[in-house]
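Opening the notebook on a new model. I want a few residues first, then a pocket, then the chain as a whole.

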Amino acid sequence: MTSIHYAWRGELTHDELADLHAEGFGGPPAAQADWPEQLRRHSLGWVCARRAADGRLIGFVNVAWDGGAHAFLLDTVVAADHRRLGVAARLVALAEAEAGAAGCDWLHVDFEEHLRPFYLDACGFRPTPAGLIPLRAHART
């Protein structure tokens with residue numbers, strides 16, 4: 001089994017995170033100018049997973065927050081060749097622990113239906129009612 005190192009607020013470059021994000025989500029996020037700067041300015045923290053052998057970034061999750069009680073998981077992603085090994089669950093567990101240590105009372109996540117077993121069963125989230133309004137014209141179609 002591959003040895004993996006996990007780090008809260010781990011160092012990363014824009015290019016390596018953009019590449020991982022593109023692999024996981026089918027392309028870079030819109031208007032993502034500089035990942036490290038965006039994370040430092042807007043996130044409580046993030047978790048990086050790196051393959052110990054060569055330091056390759058193979059997993060990531062962002063923890064946004066409201067500055068108080070609520071933290072939010074965003075952009076959970078694992079490289080295709082490291083999926084189904086527990087990497088994502090470990091990323092989420094570390095994000096949960098660090099958000100709690102920072103004083104947050106709640107950790108929220110939105111997900112597509114096919115990810116329900118992962119977030120509810122593997123990670124322990126519970127379903128709650130929520131609402132969503134798409135803000136961009138192309139998202140409303």
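**Entry 1: H82.** I started with H82, which comes out buried because its relative accessible area is 3%, under the 20% cut-off. I'm working from a predicted model here, so every value in these notes is computed from it. I found H82 in the loop between β4 and α3. Next I asked what the side chain of H82 makes a polar contact with. I got the side chain of D81, at 3.0 Å. Then I listed what H82 touches, skipping residues up to four places away in sequence: T2, I4, R51, R56, I58 and V87.

**Entry 2: S43.** I moved on to S43, which sits in strand β2, residues 43–51. Buried or exposed, I wondered about S43? S43 has 10% relative accessibility, so I put it down as buried. For its side chain I noted a polar contact of 2.6 Å with the side chain of N62. N62 turned up again when I pulled the contacts of S43 beyond four places in sequence, along with R9, Q38, V63, A64 and W65. I also checked where β3 runs, and it covers 57–65.

**Entry 3: G67.** I looked up G67 in the loop that links β3 to β4, the latter spanning 70–78. G67 has a relative accessibility of 53%, and since exposed means over 50%, I logged it as exposed. I also took a distance from G67 to H108: their C-alpha atoms are 14 Å apart, with the two positions 41 residues apart along the chain.

**Entry 4: Y119.** Y119 is in helix α4, which I have as residues 116–122. Its relative accessible area is 5%, so I wrote Y119 down as buried. Which residues is Y119 in contact with, once neighbours within four places in sequence are left aside? I got L73, T76, V92, V109, F111, G124 and F125. I tried one distance as well: from Y119 to A69 it is 20 Å, C-alpha to C-alpha, with the two 50 residues apart in sequence.

**Entry 5: the second largest pocket.** I read off a volume of about 810 Å³ for the second largest pocket. I count 24 residues in its lining, and those nearest the centre are L107, H108, V109, F125 and R126. Which elements give two or more residues to that lining? I have α3 (87–101) and β5 (106–108). By type, the lining of this pocket splits into twelve nonpolar, seven charged and five polar residues. Two names I had already met at Y119 come back: V109 and F125 are contacts of Y119, and both are listed nearest the centre of this pocket. H108, my partner for the G67 distance, is also in that central group.

**Entry 6: the whole chain.** I finished by zooming out. The chain has four helices and five strands, and along the sequence I read the pattern β-α-α-β-β-β-α-β-α. I get a radius of gyration of 15 Å, close to the 14 Å that the globule rule gives for 141 residues, so I call the chain as compact as a globular protein of that length. Along the principal axes, its C-alpha atoms fill a box of roughly 45 × 30 × 30 Å. Buried residues account for 34% of the 141; H82, S43 and Y119 are among them. Last, I looked at contacts between residues at least 6 apart in sequence, and 55% of these join residues at least 24 apart.

Notes
Residues are numbered from 1 along each chain as its sequence is written. This is a predicted model: local features need pLDDT of at least 70, side-chain atom pairs count only at pLDDT 80 or more; totals for chains, interfaces and linings use all residues. Side-chain values use heavy atoms; hydrogens and water are left out. Buried means under 20% relative accessible area, exposed over 50%, partly exposed in between (1.4 Å probe, protein chains only). A polar contact is a pair of N or O atoms within 3.5 Å; within protein, one must be able to donate a hydrogen and the other to accept it, and residues adjacent in sequence count only if both atoms are side-chain atoms. Contact means heavy atoms within 4.5 Å. On a 1 Å grid over the protein atoms alone, a cavity is a set of points where a 1.4 Å probe fits but cannot get out, and a pocket is an open set with protein on both sides within 12 Å along at least five of seven lines; lining residues have an atom within 4 Å of a point. Grid points are joined across faces, edges and corners, and a volume is the space filled by probe spheres set on the points. Ala, Val, Leu, Ile, Met, Phe, Trp, Tyr, Cys and Pro count as nonpolar, Asp, Glu, Lys and Arg as charged, and the others, Gly among them, as polar. The radius of gyration is taken over C-alpha atoms; the globule rule is 2.2 Å times the number of residues to the power 0.38.
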